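This report describes a two-chain model from its sequence and coordinates. The structure is shown first, and the description follows.

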Amino acid sequence: MQTLEEKIGKHESDAMLPEPMIDGEHDYGSITSKIDSIVLTNKFAPGWIFALMLGMGALGVMVLTLAFLVFVGIGLWGVNIPVGWGFDIINFVWWIGIGHAGTLISAILLLMRQRWRTSINRLAETMTLFAVMCAGLFPLFHTGRPWVAYWLFPYPNALGLSPQFRSPLVWDVFAVSTYLTVSALFWYMGLIPDIAGLRDKVKSRVMQVTTGMLAMGWRGSVAHWHRYESAYLLLAGLSTPLVVSVHSIVSFDFAVSILPGWHATIFPPYFVAGAVYAGFAMVLNFVIPIRKWYNLESFITDKHMDWMAKIMLTTGLIVFYGYVMEAFYAWYSGNIYEWYMMYNRAFGPYMYLYWALIFCNGLVPQFLWSKKIRLNMLWLWIISLIVGVGMWLERFVIVPVSLHRDFMPSSWGIYNPTFWDISMFVGTFGLFITGMVLYFRFVPMIPVAEMKHQWHQEHDEAHASAGGGH
Amino acid sequence: MPQIFSRSANIYSKASIGIAGLVLVAVILIGGNVTPYTHRLRVALDQPAPFSHKHHVAELGIDCRYCHTTVEKSPFAGIPATETCYTCHSQIWTNSPLLLPVRESMATGAPIEWNRVANAPAFVYFDHSIHIAKGVSCYTCHGPVDEMNLTYKEFALEMLWCLDCHRNPEAFIRPKEEIYNPAYKVPKEHAALGRQLVEKYGIQKEQLSDCWVCHR
């Protein structure tokens, strides 16, 4: 009987083999030691300590800001009628959007069997966790009384009250808290085999007990792996709708209102695309330096960077389509308030921000059509940074610029952020950087077990089938 | 390599899940301030004199309004002046050691400092007179005062408890002539009577649970 190879010829059979995503000379042992060696050392690099101090310094700024904010009240921020939502909501939407790249990589790419996700999924998931934490702080403190924030949840209470389920702000509470919970579970689940690997290598008793408890008795038996794989797939299934639902619901905060500039049916898909766009920009922003500093180019290859840049370009085009449609419908609606909203964006007091947004999100990413630029890490890093800024500007243009001039000229006003708005934003970067820097040093930042599984698929399995050995 | 954990670690790790659950329940019950214990219900407060409502109301038959004179006209029901006590106690129990604070108050003119039992928070607008005018009995909110040897709090005055009646007043209100009657029993056909009374007293149910009714 003819073998498959004979039928289709040697050449095509090679093309069907998985494309290798691990570069360089590696074997099972070197993959483990390369990734674990960052964690299993008693030395702290001066650069790492500097980054940690930078993060913690900014985190300190946040703690001071929040302490003062609780003491004085949210009037400390520049929000007041007509602009009740300023930096706090802009930054909330911005941070929560960034998290979406992590979920997309970990869940959707897993279900689509995109094996290249393996090298970057934990980096992106960790980014998601800290980004959602940063995001959550803004609405939490925007309430003014964060100590009674549990009132947002429907629980049997002595007040006889329930949240207003017709309000998208309540949906937001559920969306974001579910998001954080599922992301944390997903992240920790994936980490268990790797922690168990560390447990078997650490020398000190304290570290053995700590990692042993975190590994929850993982011994790597077939039964363990079987349950692990099913649980991981189930969690991926749970996370998948979250990629779409969380930012759709965030967009409902605006779209369900009747304010021109907010009241638009295009918002959910446009927000989700923007979220993935900003998220991939952020991933690139820290992966580019990290893979260089820790010499991880053989795991996070140029191919990874290329593909992430392509996703960024795609989502960027969707977002830009959104901008064009906003302008088109403002005209096509024939509604003077809609049309004035658009006119005010482009030629009103905040016009510079609008045109900066078009530049950052519409024009700059077009450079990514060129493969040369996609593979030039400096340019890719700069473009990602500009995209991050652009997505922040988008939220500024949507939130305060729509609010500051609504239907009645008598209620118009101008929004200016205060020092404390800026210090809070800087502070969330502190939280993010601190968290990420600690993660780089204390957690295997690339999933070791999954990388070895991939190595097996790329080499041993491939050789076995290519040789027709089975 | 020796084992890191002993065999018993298995049972500890499983038990810790249950223990965490118990701790969570305890934190909610105590920290959430939802039990009679944390509300100090049915605990008599220390008072300058051991005044018994049971004796004065149930045994002697004194009307609530004899002492709490402003309950029908003002937000505050009123705490009696020492002179009110003296309408009887200038004649009876004049040497009782229990009444020493009353005699001292009369001699010096300084009022007796009773400790408040039922205390509505400052963010709640509460008016006794409107409740009396619409058929809410003293006993409905203050509990069986006629049975209290020492006065205690029967209800925690939580918002949910207020709303029970504000959302459904016909289940609680009485005919006005029965408001001060400790022996009043809810009749069997109360549902019909309640609806009748709501109509008769002009209670506007539809706005009774609006925020501004109590939080002004």
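Two residues are in contact if their C-beta atoms, placed from the backbone, lie within 7 Å. By that criterion, 6 residues of chain A are in contact with 7 residues of chain B. On the side of chain A that touches chain B, 3 residues are nonpolar, 3 are polar and none is charged; here Ala, Val, Leu, Ile, Met, Phe, Trp, Tyr, Cys and Pro count as nonpolar, Asp, Glu, Lys and Arg as charged, and the others, Gly among them, as polar.

**Basis and confidence**

This is a predicted model, in which local features need pLDDT of at least 70 and side-chain atom pairs count only at pLDDT 80 or more, while totals for chains, interfaces and linings use all residues. Residues are numbered from 1 along each chain as its sequence is written, and chains are lettered from A and ligands numbered from 1 in the order in which they are written.

The predictor's confidence in each residue is expressed as pLDDT, from 0 to 100. Chain A averages a pLDDT of 89, and 94% of the residues score at least 70. Helices (H or I, at least four residues) and strands (E, at least two) are DSSP runs, numbered from the N terminus. Among the elements of chain A, helix α15 (residues 419-442) has the highest mean pLDDT, 96, and helix α1 (residues 4-16) the lowest, 49. Over residues 8-15 of chain A pLDDT stays under 50, and the model has 4 contacts beyond four places in sequence for this segment. Where pLDDT is low, the predicted coordinates should not be read in detail.

**Nonpolar cores**

A residue is buried if 20 or more other C-beta atoms lie within 10 Å of its own, exposed if 12 or fewer, and partly exposed in between, with C-beta atoms placed from the backbone. A nonpolar core is a set of buried Ala, Val, Leu, Ile, Met, Phe, Trp, Tyr and Cys residues joined through C-beta atoms within 7 Å. The largest such core has 111 residues, and those with the most contacts inside it include I96(A), A131(A), Y277(A) and V283(A). Helix α9 (residues 267-293) of chain A provides the largest share of this core, 16 residues. A second, separate core of 7 residues includes C64(B), I132(B), C138(B) and Y139(B).

Which residues does V283(A) contact, leaving aside its neighbours within four places in sequence? They are A101(A), I120(A), L123(A), A124(A), M127(A) and M308(A).

**Two helices of chain A**

The expected span of a helix is 1.5 Å times one less than its number of residues. The table sets this value beside the distance between the end C-alpha atoms.

| Helix | Residues in helix | Expected span | End C-alpha distance |
|---|---|---|---|
| α3(A) | 27 residues | 39 Å | 39 Å |
| α10(A) | 31 residues | 45 Å | 44 Å |

The buried residues of α3(A) are G55(A), A58(A), L59(A), M62(A), T65(A) and L69(A), and they pack against α5 and α15 of chain A. G73(A) follows α3(A) with a positive phi, near 115°.

In α10(A), the buried residues include H304(A), M308(A), T315(A), G322(A) and E326(A). The partners of the buried residues of α10(A) include α5 (117-142), α9 and α14 (377-404) of chain A. Just after α10(A), G334(A) takes a positive phi of about 70°.

**A buried glycine**

G190(A) is placed in helix α6 (residues 168-199) of chain A. G190(A) counts as buried because 20 other C-beta atoms lie within 10 Å. Leaving aside its neighbours within four places in sequence, G190(A) is in contact with R122(A), Y232(A) and P447(A).

**Backbone exceptions**

Most residues other than glycine have a negative phi, and most peptide bonds are trans. The peptide bond from I81(A) to P82(A) is cis, with omega near 10°; P82(A) is found in the loop between α3 (46-72) and α4 (87-111) of chain A.

In chain B, R40(B) has a positive phi near 55°, and W93(B) has one near 50°. R40(B) is exposed, with 12 other C-beta atoms within 10 Å. W93(B) also counts as exposed, with 11 C-beta neighbours inside 10 Å.

**Chain B**

Chain B is divided into domain 1 (53-79 + 116-214) and domain 2 (81-113), with bounds from an automatic or database domain assignment. The centres of the two domains, taken over C-alpha atoms, are separated by 29 Å.

T151(B) is found in the loop between α8 (138-142) and α9 (159-167) of chain B. Is T151(B) buried or exposed? T151(B) is buried, because 21 other C-beta atoms lie within 10 Å. Not counting residues up to four places away in sequence, T151(B) touches A44(B), H53(B) and V117(B).
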